[in-house]
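Colleague: I'd love a close look at the interior of this one. Could you start with a single buried helix and take me outward from there?

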Amino acid sequence: MITVENVSKSFPGTTASGSPVLALRDVNVEISAGALYGVVGAAGSGKSTLARCIALQERPDRGVVRLDGLNTASLDGKRLREVRRQVGVVGARQELHAERTVAGNVAAPLELLGLDGPQRKSRVGKLLDLVGLTQRAAQRPSELTVGQQRRVAVARALAASPAVLLADDPTAGVAPEETGAVLTVLDRARAELGATVLVTTQEASVVRRVCDEIGVLEDGSITESGSVLDLLADPSSRTARSLLPAIETTPAQVAKYDRSVDIVLVGFAAVGALLPEASARFGVELATIGGGLTRVGDTPVARFRLGLRGEQADAAMAWISERGGHVTHTARGPQGVAA
Ligand SMILES: Nc1ncnc2c1ncn2[C@@H]1O[C@H](COP(=O)(O)OP(=O)(O)OP(=O)(O)O)[C@@H](O)[C@H]1O
């Protein structure tokens, strides 16, 4: 478990005015052990600063970072270096050793730890298998794509078996067709090695594919946090806006019905069966006039705009809500009576 409590961090100003940059403002974050947690925000929102505070590479001005309950604020010297080793870091700007092979790059931290040859070989073999680059062991980084280089960097960061893997903008500069493979490797680090994985990103697609929980940073403050699926339940949340399918309907489409509602459905059962069952049970016409289906991780998630017709429409919507559908009332058609 990683706990960030009331952390603030500023840097001396670099602009002409010289006023300090407040990179983090009173940030609180809780990351469960074994989670794949996304720190999400625009450029300059403070993601890397938060990541560096958690990796103990930066000291907060105020507040505390706890790693498994350990207050890291007072750590120094040897103990600080030991605890830092619990966090493996992959950054977009971190270079691999150009003159060493892929296997040599992954082995480098193990050499520093003093593992003997056979132990190193076995560990490097397992890590290259995890990142899917066994066939590339003898190649140099320059022979690999950016996405493959990033996967080597992940293997290297995992070499010393850290409890936490921190990937700062892992898909930056990676070709779109390769981002899936990079994210799969992060997911495997969590699933197969039990690491807690922390990812910083600006990309909704990264959140959609792999994050269980997120914290959204805006201008140094956390504005939304929690489980991704829970955040989707509030259609006005930034997370919902960026992850749910867009709804594009014209007033003319809505006008054909008594009224319309927007509905978010999460999970296999909800997406497959709720609407037809509600329609049959209450004798109500439920027509999908906008929205669509997406996937968040392995979970299907739908957002539809429905046109409703029938006396029992309210009862049908209440029935859907009781079964976990998130219903937002939108416009009434011309036949509707304003509430
Ligand atoms: N070492 C530093 N010295 C001065 N200002 C800094 C330093 N590091 C970060 N900042 C400033 O703090 C703010 C937050 O930066 P940070 O790099 O954490 O944001 P970010 O969300 O990671 O951005 P990006 O997605 O572009 O990497 C920015 O205004 C940045 O200019």
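**Helix 3 and what lies around it**

Modeller: Happily! In helix 3 (residues 102-113), the buried residues are Val102, Ala103, Asn105, Val106, Ala107 and Leu110. Buried here means that 20 or more other C-beta atoms, placed from the backbone, lie within 10 Å of the residue's own; 12 or fewer makes it exposed, and anything in between is partly exposed. Helices (H or I, at least four residues) and strands (E, at least two) are DSSP runs numbered from the N terminus. Bear in mind that this is a predicted model, in which local features need pLDDT of at least 70 and side-chain atom pairs count only at pLDDT 80 or more, while totals for chains, interfaces and linings use all residues. Residue numbers start from 1 along each chain as its sequence is written.

What sits over those buried positions? The cover includes helix 4 (117-130) and helix 5, taking contact as C-beta atoms within 7 Å. Just past the end of helix 3, glycine 114 has a positive phi of about 85°.

Val106 of helix 3 also leads us into the wider interior. The largest nonpolar core holds 89 residues, and Val106 is one of those touching the most other members, along with Ile54, Val154, Leu166, Leu186 and Leu198. Such a core is a set of buried Ala, Val, Leu, Ile, Met, Phe, Trp, Tyr and Cys residues joined through C-beta atoms within 7 Å. Helix 5 (residues 146-158) makes the largest contribution to this core, 6 residues. The core also draws at least three residues from each of domain 1 (2-240) and domain 2 (246-332), with bounds that come from an automatic or database domain assignment. As general background, nonpolar side chains in soluble globular proteins tend to be buried together.

Leucine 198 is a good residue to click on. Leaving out residues up to four places away in sequence, Leu198 touches Ile31, Tyr37, Val39, Ala51, Ile54, Val164 and Leu166. Two of these partners, Ile54 and Leu166, were also in the list of core members with the most touches.

Now follow the chain out of helix 5. The loop between helix 5 and strand 7 (164-168) contains serine 161. Serine 161 shows a positive phi of about 50° without being a glycine, and it counts as partly exposed because it has 14 C-beta neighbours inside 10 Å. Beyond strand 7, the loop leading to helix 6 (176-193) holds aspartate 169. Aspartate 169 is another non-glycine with a positive phi, about 55°, but it counts as buried because 22 C-beta neighbours fall inside 10 Å.

Finally, let's see how the two domains meet. Their C-alpha centres lie 38 Å apart, and the contact takes 8 residues from domain 1 and 9 residues from domain 2. On the domain 1 side, helix 7 (204-210) and helix 8 (228-231) each supply at least two of the residues touching domain 2. Helix 7 gives the most to that side, with 3 residues.

One last stop is strand 10 (residues 221-227), where you will find serine 221. Serine 221 is partly exposed because 16 other C-beta atoms lie within 10 Å. Its C-alpha atom is 28 Å from that of aspartate 76, a residue 145 positions away along the chain.
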